[in-house]
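Good morning, everyone, and thank you for making time for this. I would like to walk you through a structure that is new to most of us, so please have a look at it before I go on.

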Amino acid sequence: MMRAISFLYECSHPKMIPKQNQINQSMSNSLIKKTLLYCSSFFLVFIAVLAIELLPVQFAKATALYNRVMKRDVRCSNCSQLFPDGTSTHELAYRGEGILPKQTLTALRKLERTGKLVRVQDKDYYYTATMNYSAPLLLPKAAGFLDLLGQRYAQKCADRSLSYVPFKITSMTRSIESVQALQQENKVAIKRSPHLKGKTMDISYTAFSGQQAQLHAFISALSELRQEKKCFVKYEESTGCLHITVR
Ligand SMILES: [Zn+2]
């Protein structure tokens, strides 16, 4: 009798159990979808924050590399008139301050530990090249100058509705040994280099390759700071750099 009732019930509700399974399956799928959506949203936000933090410098590096490969030209046509300061002029900046030349880069790094020199690291305003003949170390005053230059250049870009392109620092403080090694490769390098004393740096103008408008804005900012007696600058066409000593 009971079997007959059960048989009749199942016949009259043939899809109840499968339907319940479908509902459960559907809820489970929905939960998985929501979880995936939350995870992917979180991941995208994380990537966006990372990109905002790193993008300007990484983009500038990639663009500079691309332009170098493509051999896109860059001109610093009036730089020899704007930036004529020779070595003896740069030496004037070291009359009252500067470090004594050190024999090795290791000795320079010791000055970092004592706080005499500070390490210059990539920022939104600028980035540093791999340096074989110098250490990315400067006196605090010279490191502060880089920020001032970045601010002034950023303002020029804003005034001219240009996107900001970070500038590239190719050399900072050298040791006596690294100057000797550099002289083998670079005829411009001199024995009594201002780079030995902590307030001199090289900024590549060729890294602006393909971004002539930004280079003009940068030159304008640097020229203003020179006229305000904040630095001496030498245009070095053979190395594609602007050789700068902070006053
Ligand atoms: Zn230099």
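I will talk about the sheet, then about the helices that lie across it, and finally about one lysine. Please keep in mind throughout that this is a predicted model.

Let us begin with the sheet, which is open and built from 5 strands in the order β2-β4-β5-β7-β6, with mixed pairing. At its edges are β2, covering 126-128, and β6, covering 231-236, each of which pairs on one side only, and from one strand to the next the twist averages 30°. Within this sheet, β5 (residues 200-204) and β7 (residues 241-246) run antiparallel and are joined by 5 bridges, and here you can find Ser204 standing opposite Cys241 in β7.

Now to the helices. Helix α6, residues 140-159, lies across β2, β5, β6 and β7, and runs at about 125° to β7, while helix α8, residues 212-227, lies across β4, β6 and β7, and runs at about 135° to β6.

Finally, I would like to turn to Lys116, which sits in the loop between α5 (105-114) and β1 (118-119). Is Lys116 buried or exposed? It falls in between: Lys116 counts as partly exposed because 14 other C-beta atoms lie within 10 Å, where 20 or more would make a residue buried and 12 or fewer would make it exposed. Leaving aside residues up to four places away in sequence, Lys116 touches Ile99 and Leu111. Lys116 and Pro140, although 24 residues apart in sequence, are 7.7 Å apart in space, taken from C-alpha to C-alpha.

Technical notes
Residues numbered from 1 in each chain as written. Predicted model: local features only at pLDDT ≥ 70, side-chain atom pairs only at ≥ 80, totals over all residues. Pairing = 2+ DSSP bridges. Helix = DSSP H or I, 4+ residues; strand = E, 2+ residues; numbered from the N terminus. Axes fitted to C-alpha atoms, helices over the stretch in contact; angles between N-to-C directions. Contact = placed C-beta atoms within 7 Å.
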